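Me: Hey, I've got a protein model open and I'd like to talk through a few bits of it. Can you help me look around?

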Amino acid sequence: MADAATLTTGSTAAERRHDPEARQFASDNYAGVHPEVLAAIALANGGHQVSYGEDAYTEHLQTIMAGLFGGGVEAYPVFNGTGANVVGLQALADRWGAVICAETAHINVDEGGAPERMGGLKLHPVATPDGKLTPELVDRQAWGFDDEHRAMPQVVSITQSTELGTLYTPDEIRALAEHAHGLGMRLHLDGARLANAAAALDVPLRSFTSDAGVDVLSFGATKNGALAGEAVVILNPEGVSHLKHLRKLSMQLASKMRFVSVQFEALLADGLWLRLAGHANAMAQRLAEGVRELDGVEILYPVQANGVFARLPHDVSRRLMERHRFYFWDEAAGDVRWMCSFDTTEDDVDAFLAALREELARG
């Protein structure tokens with residue numbers, strides 16, 4: 001740890017308790033807040049603004065979102081990704097409704113049962129080879145609509161980029177939307193890493209969201225340089241109702257919402273979000289290219305965003321974790337996940353690769 005540094009503002013003092021140069025490959029949530037986002041939060045400070053979203057920054061956020069997705073959209077800032085997903089899914093389903101999702105989806109694996117416990121939604125997971133649903137895979141759970149003994153499938157939820165780091169093309173999302181709508185269902189998109197997908201696909205954001213038929217979007221910014229920046233974006237207002245009440249009911253209504261909304265303005269107004277995501281993606285590509293040169297490591301899925309999934313000997317992983325923190329994805333199989341962030345540097349990647357080579361050589 002670096003020597004403690006004292007940061008003093010007025011009469012308040014805090015000590016730095018970490019090394020600001022240290023970076024890991026465990027999660028893009030490990031990264032800090034981008035300086036421009038911090039500056040925007042400071043800019044929004046001072047004076048009084050109406051609370052609970054009636055502030056000038058949240059009002060302007062609606063204009064920004066309309067520019068990205070088209071007119072008529074509605075953006076509801078929330079605290080975190082789980083909250084965005086739970087609120088958005090509740091807005092699309094009845095109390096007796098169910099959500100079809102990939103077995104690996106965050107809502108199924110990593111949200112502590114929140115969609116079911118807090119949202120009252122039954123999940124119908126489907127096994128997929130690459131984290132992506134298809135109309136055919138949806139049909140494995142899209143049945144029993146009139147069976148009172150089975151939670152009614154009402155929503156299809158996809159993740160972009162997926163939990164396995166793969167991407168849906170705009171055509172693939174459009175096909176899912178048309179299929180879901182044809183069955184009387186709605187399409188939700190979990191966009192925790194939406195920026196990474198947009199940067200990798202190099203297409204307008206609306207081409208794989210609003211123009212592709214997505215009804216509700218969870219727009220994530222926290223993993224891409226924000227402090228606590230997530231939003232539920234209603235792309236099809238006719239498909240939802242009472243979202244503002246659901247947001248409050250789900251404990252996701254920020255009283256000082258201006259500080260959430262202004263983070264999106266800082267990221268979205270001049271393309272910062274795409275530059276940051278594109279950099280994280282590039283670092284993942286650099287990491288993958290280096291790993292492919294090594295014997296004893298297998299890359300499991302196409303590296304399309306900012307994550308690399310690999311399989312290597314358990315002993316190597318455990319020793320490497322002592323030097324660079326990361327997580328097992330499937331410990332029994334020896335699968336690991338390495339995530340790159342907006343602040344990952346080429347030197348960080350090269351140092352990690354050098355450590356991996358050393359540990360592989362030890363056997």
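Me: How many residues of helix 10 are buried?

Reply: Keep in mind that this is a predicted model. Helix 10 covers residues 258–268, and 10 of its 11 residues are buried.

Me: Which ones are they, the buried residues of helix 10?

Reply: Here's the list: Arg 258, Phe 259, Val 260, Ser 261, Val 262, Gln 263, Phe 264, Ala 266, Leu 267 and Leu 268.

Me: And what covers the buried residues of helix 10?

Reply: Both helices and strands do. The cover includes helix 1 (35–43), helix 2 (56–69) and helix 11 (272–292), plus strand 3 (74–78), strand 8 (216–220) and strand 9 (230–234).

Me: OK, strand 9 then. Which of its residues are on one side and which on the other?

Reply: Glu 230, Val 232 and Ile 234 sit on one side, with Ala 231 and Val 233 on the other. Both faces are covered, and five of the five residues in strand 9 are buried.

Me: Why do the sides swap like that?

Reply: That's because side chains in a regular strand alternate between the two faces of the sheet.

Me: How many bridges join strand 3 to strand 9?

Reply: Five, and the two strands run antiparallel. Strand 8 also pairs with strand 9 in the antiparallel sense, over five bridges.

Me: What stands opposite Val 233?

Reply: Ala 75 stands opposite Val 233, and so does Leu 217.

Me: New topic: pockets. How much space is in the largest pocket?

Reply: About 390 Å³. It is lined by 17 residues, and the closest to its centre are Pro 20, Tyr 30, Ala 31, Gly 32 and Asp 343. By class, the lining has eight nonpolar, six polar and three charged residues.

Me: And what about the second largest pocket, what's its volume?

Reply: About 240 Å³. Helix 4 (106–109) and strand 12 (327–330) are the elements that give two or more residues to its lining. Among the lining residues are His 106, Val 109, Phe 328 and Trp 329. The lining divides into three nonpolar, four polar and five charged residues.

Me: Last one: is Asp 335 buried or exposed?

Reply: Asp 335 has a relative accessible area of 6%, and buried means under 20%, so Asp 335 counts as buried. You'll find this residue in strand 13 (residues 335–339).

Me: Which side chain does Asp 335 make a polar contact with?

Reply: Arg 311, at 2.5 Å. Leaving aside neighbours within four places in sequence, Asp 335 is in contact with Leu 300, Ala 310, Arg 311, Phe 328, Trp 329 and Asp 330. Phe 328 and Trp 329 also line the second largest pocket.

Terms used
Residues numbered from 1 in each chain as written. Predicted model: local features only at pLDDT ≥ 70, side-chain atom pairs only at ≥ 80, totals over all residues. Heavy atoms only, no water. Helix = DSSP H or I, 4+ residues; strand = E, 2+ residues; numbered from the N terminus. Buried < 20%, exposed > 50% of the residue type's maximum accessible area, 1.4 Å probe, protein only. Polar contact = N/O pair within 3.5 Å; in protein donor to acceptor, adjacent residues only side chain to side chain. Contact = heavy atoms within 4.5 Å. 1 Å grid on protein atoms, 1.4 Å probe; cavity = no way out; pocket = protein on both sides within 12 Å on 5 of 7 lines; lining within 4 Å. Points joined across faces, edges and corners; volume = space filled by probe spheres on them. Nonpolar A, V, L, I, M, F, W, Y, C, P; charged D, E, K, R; others polar. Pairing = 2+ DSSP bridges.
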